[in-house]
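User: Hi! I am new to reading protein structures, and I would like to learn how to make sense of one. Could you walk me through it?

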Amino acid sequence: MLDADGAVAADELEVEKLRARALATMDRAYAPYSRFKVGAALLGSDGSIWEGCNVENAAYPAGMCAERGAVSAAVAHGVQQFDAIAIATEAQEPTPPCGICRQVLEEFAPQLLVVSVTREGKMARWSLADLLPRAFTPHSLDRR
Ligand code: ZN
């Protein structure tokens with residue numbers, strides 16, 4: 001089911017569950033360099049929830065974002081369809097996913113609902129289509 005923005009409409013109970021899981025996962029992030037902890041909770045279309053946190057590295061580019069960690073966990077367990085993701089940070093304002101994560105989410109869920117929350121309780125919602133318009137998709141490869 002899609003809402004007016006074209007994003008999958010998740011019920012509020014699911015959003016609350018995702019918010020809580022993303023915040024709990026944020027606390028386990030490994031971010032000694034940026035000190036910017038991020039947690040993500042990804043809702044599979046089958047109702048499963050997959051968590052990820054950012055994992056930094058002394059070789060900075062080797063670090064991994066929370067959102068992509070959650071996608072990897074889900075795919076490794078056979079889940080490839082998603083309805084929503086919650087992202088939690090300690091920033092003052094809700095933080096959208098980075099460009100690389102937007103691209104990875106697009107691969108599996110172009111209609112994804114993206115919810116971002118702060119520890120203080122602020123929340124923002126976007127559709128992935130709003131965050132990544134005119135995306136490069138699997139169909140883009142058909143144009144070769
Ligand atoms: Zn990212």
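Analyst: Happy to help; we will take this structure feature by feature. Keep in mind that this is a predicted model.

User: Let's start with the metal. Which protein atoms are the donors of the zinc ion?

Analyst: To read a metal site, look for the atoms that lie around the ion. Here the protein donors are the SG atoms of Cys-65, Cys-98 and Cys-101, lying 2.2 to 2.4 Å from the zinc ion. Along the chain, these donors follow the spacing C-x32-C-x2-C. Cys-65 sits in the loop between E2 and H2, while Cys-98 sits in the loop between strand E3 (82-89) and helix H3 (99-108), so this pair ties together parts that are 33 residues apart in sequence.

User: Is Cys-98 buried, partly exposed or exposed?

Analyst: For that, we use relative accessible area: under 20% is buried, over 50% is exposed, and partly exposed is in between. Cys-98 has 33% relative accessibility, so it counts as partly exposed.

User: Now the inside. Which residues touch the most other members of the largest nonpolar core?

Analyst: A core is read as a set of buried nonpolar residues joined through their side chains. The largest one has 18 residues, and those touching the most other members are Leu-42, Phe-82, Ile-85, Leu-105, Leu-112 and Val-114. Strand E1 (38-44), H2, E3 and helix H4 (128-131) are the elements that give two or more residues to this core. H2 provides the largest share, four residues. There is also a second, separate core of 14 residues, with Ala-22, Ala-41, Leu-43 and Ala-88 among them.

User: What is Leu-105 in contact with?

Analyst: If we leave aside its neighbours within four places in sequence, Leu-105 is in contact with Leu-42, Val-71, Ile-85, Pro-110, Leu-112 and Leu-128.

User: Which residues of H2 are buried, and what covers them?

Analyst: A general idea helps with helices. An α-helix has 3.6 residues a turn, so residues three or four places apart point the same way. In H2, the buried residues are Ala-66, Glu-67, Arg-68, Ala-70, Val-71 and Ala-74. Their cover includes E1, E2, E3 and H3.

User: And on the outside, which residues form a nonpolar patch on the surface?

Analyst: Try finding Tyr-30, Tyr-33, Val-55, Tyr-60 and Met-64, which form such a patch with about 520 Å² of accessible area together. Val-55 is placed in the loop between strand E2 (49-53) and helix H2 (66-76). With a relative accessible area of 40%, Val-55 is partly exposed.

User: Let's move to charges. How many salt bridges does a search of the whole structure find?

Analyst: The search finds eight salt bridges. To read one, find the two charged side chains, then ask where each sits. In one of them, the side chains of Glu-12 and Arg-125 meet at 2.8 Å, N to O. Glu-12 lies in helix H1 and Arg-125 in strand E5 (residues 123-127), so they tie together parts that are 113 residues apart in sequence. Glu-12 is partly exposed at 48% relative accessible area, and Arg-125 is partly exposed at 37%.

User: Which residues are linked in a network of salt bridges?

Analyst: Arg-21, Arg-28 and Glu-51 are linked in this way. Between Arg-21 and Glu-51, the closest N and O atoms are 2.6 Å apart. Arg-21 belongs to helix H1 and Glu-51 to strand E2, so this pair ties together parts 30 residues apart in sequence. Arg-28 also forms a salt bridge with Glu-51, with the closest N and O atoms 3.5 Å apart. Arg-28 is in the loop between H1 and E1, so its pairing with Glu-51 in strand E2 ties together parts 23 residues apart in sequence.

User: One last topic: the backbone. Where does Arg-35 lie, and what is its phi?

Analyst: Most residues other than glycine have a negative phi. Arg-35 has a positive phi, near 55°, and lies in the loop between helix H1 (12-26) and E1. Arg-35 is exposed, with a relative accessible area of 68%. Arg-134, in the segment after H4, also has a positive value, near 50°. Arg-134 is exposed, at 87% relative accessible area. As for glycine, Gly-78 takes a positive phi of about 90° just after H2.

Definitions and conventions:
Residues are numbered from 1 along each chain as its sequence is written. This is a predicted model: local features need pLDDT of at least 70, side-chain atom pairs count only at pLDDT 80 or more; totals for chains, interfaces and linings use all residues. Side-chain values use heavy atoms; hydrogens and water are left out. Patches are made of residues with over 30% relative accessible area and no salt bridge: like charges are joined within 9 Å, nonpolar side chains (Val, Leu, Ile, Met, Phe, Trp, Tyr) within 5 Å. Accessible areas come from the Shrake-Rupley method with a 1.4 Å probe; for residues, only the protein chains shown count as cover. A salt bridge is a side-chain nitrogen of Lys or Arg within 4 Å of a carboxyl oxygen of Asp or Glu. Buried means under 20% relative accessible area, exposed over 50%, partly exposed in between (1.4 Å probe, protein chains only). Donors are N, O and S atoms within 2.8 Å of the metal (3.2 Å for Na, K and Ca); water is not among the atoms, so sites may look incomplete. A nonpolar core is a set of buried Ala, Val, Leu, Ile, Met, Phe, Trp, Tyr and Cys residues joined through side-chain atoms within 4.5 Å. Contact means heavy atoms within 4.5 Å.
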